[in-house]
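Trainee: I'm new to this one, so I'd like to ask how we know what we say about it. Could you show it to me first?

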Amino acid sequence: MKYSFLRMIAFTAIAGVAFVGCQKEEPNSAEAGLVANSQAAVQQNAEPQRTTITVDNVVGEYKGTLDKVVMRGKDRGKVLNQIFTVSKYNNSKFNLHLPAFKVGEMPGTIEIKANGIKLNSDGTFKASNISNGVLLTVPVIGLNRYPITSMEGSFTPTNDGRYKLQVGIHSEGKIFFYITIFTAYVHFEGDQQLGN
């Protein structure tokens, strides 16, 4: 009887040790919350911070260079010290205006007016078929209006809290819907001026 009683105690002790050794250690709920929060913080810091760019951010004057001016297939060179004005159309759209400028020996001037351009939250924009967006004024002939056939650009934040504007604008004028009488492409890059 003593022998079987001792055997039962030994068996119970061995079974208890085996049971405790097989159990997985679970953290309590407070520890689990700390682990989850620290993992989320690491993941958040690993992702780049995204800035939402609004119309109010980009309103102002942008001074820069028309670094590419192509008219009727010929590169006309750069036009320095140009100022694009960006104004608010509504909370998600803006207007873009470049006053009349002259290219080289060209007898007339070109002006660019585009209203209601949608601004994406990353600062990019794209538009097409903006009627009467390019105004070509030539002596004797007078004022001619042409559509902006395509426009693409972006506003990029700079380290000093301002924005850089880059935009490419293509225009093409046709008569009878198929005879091209005017083509132009301009590319501008400039910086938002302080106080705007």
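Trainee: Here's my opener: is Gly 73 buried or exposed, and what makes it so?
Mentor: Its relative accessible area is 65%. The cut-off for exposed is over 50%, so Gly 73 is called exposed. You'll find Gly 73 in the loop between strand S1 (60-71) and strand S2 (74-75). Keep in mind that this is a predicted model.

Trainee: Which residue lies 112 residues from Gly 73 in sequence, and how far apart are the two in space?
Mentor: That's Tyr 185, with 8.9 Å from C-alpha to C-alpha.

Trainee: And Asn 95, why is that called buried or exposed?
Mentor: Same kind of check. Asn 95 has a relative accessible area of 13%, and buried means under 20%, so Asn 95 counts as buried. The residue belongs to strand S4 (residues 93-101). Its contacts beyond four places in sequence include Tyr 89, Ala 114 and Asn 115.

Trainee: What makes the pair of Asn 95 and Gly 116 a polar contact?
Mentor: A polar atom of the Asn 95 side chain is 3.1 Å from the backbone nitrogen of Gly 116. The distance limit is 3.5 Å, and this pair is within it.

Trainee: How do you know that S4 and strand S5 are paired?
Mentor: Count the bridges. Pairing needs at least two, and six join S4 to S5 (residues 109-118), so they pair. The two run antiparallel. One place to look is Phe 101, whose bridge partner in S5 is Ile 110.

Trainee: What about S5 and strand S6?
Mentor: S5 pairs with S6 (residues 124-138) over four bridges, again antiparallel. Glu 111 stands opposite Leu 135 in S6. The hairpin of S5 and S6 has five residues between the strands, and there Gly 123 takes a positive phi near 95°.

Trainee: Which strands pair further along the chain, and over how many bridges?
Mentor: Strand S7 (residues 142-157) and strand S8 (residues 163-175) pair over nine bridges, with Gly 153 matched to Val 167 in S8. Then S8 pairs with strand S9 (residues 179-192) over 12 bridges, where Ile 169 has Val 186 as its partner. Both pairings are antiparallel.

Trainee: How many helices and strands does the chain come to?
Mentor: Three helices and nine strands. Along the sequence, the helices come before the strands, in the pattern α-α-α-β-β-β-β-β-β-β-β-β.

Trainee: How many residues are in the largest nonpolar core, and which have the most contacts inside it?
Mentor: There are 39 residues, and those with the most contacts inside include Phe 84, Phe 94, Leu 96 and Leu 165. S6 gives the largest share, six residues. Leu 165 touches Phe 84 and Leu 96, among others.

Trainee: Why would such side chains sit together?
Mentor: In soluble globular proteins, nonpolar side chains tend to be buried together.

Trainee: One last thing: what is the average pLDDT of the chain, and where is the pLDDT below 50?
Mentor: The average is 80, and 73% of the residues score at least 70. Residues 15-27 are below 50, and that stretch has one contact beyond near neighbours in sequence. Residues 29-36 are also below 50, again with one such contact.

Technical notes:
Residues are numbered from 1 along each chain as its sequence is written. Side-chain values use heavy atoms; hydrogens and water are left out. Buried means under 20% relative accessible area, exposed over 50%, partly exposed in between (1.4 Å probe, protein chains only). A polar contact is a pair of N or O atoms within 3.5 Å; within protein, one must be able to donate a hydrogen and the other to accept it, and residues adjacent in sequence count only if both atoms are side-chain atoms. Contact means heavy atoms within 4.5 Å. A nonpolar core is a set of buried Ala, Val, Leu, Ile, Met, Phe, Trp, Tyr and Cys residues joined through side-chain atoms within 4.5 Å. pLDDT is the predictor's confidence in each residue, from 0 to 100.
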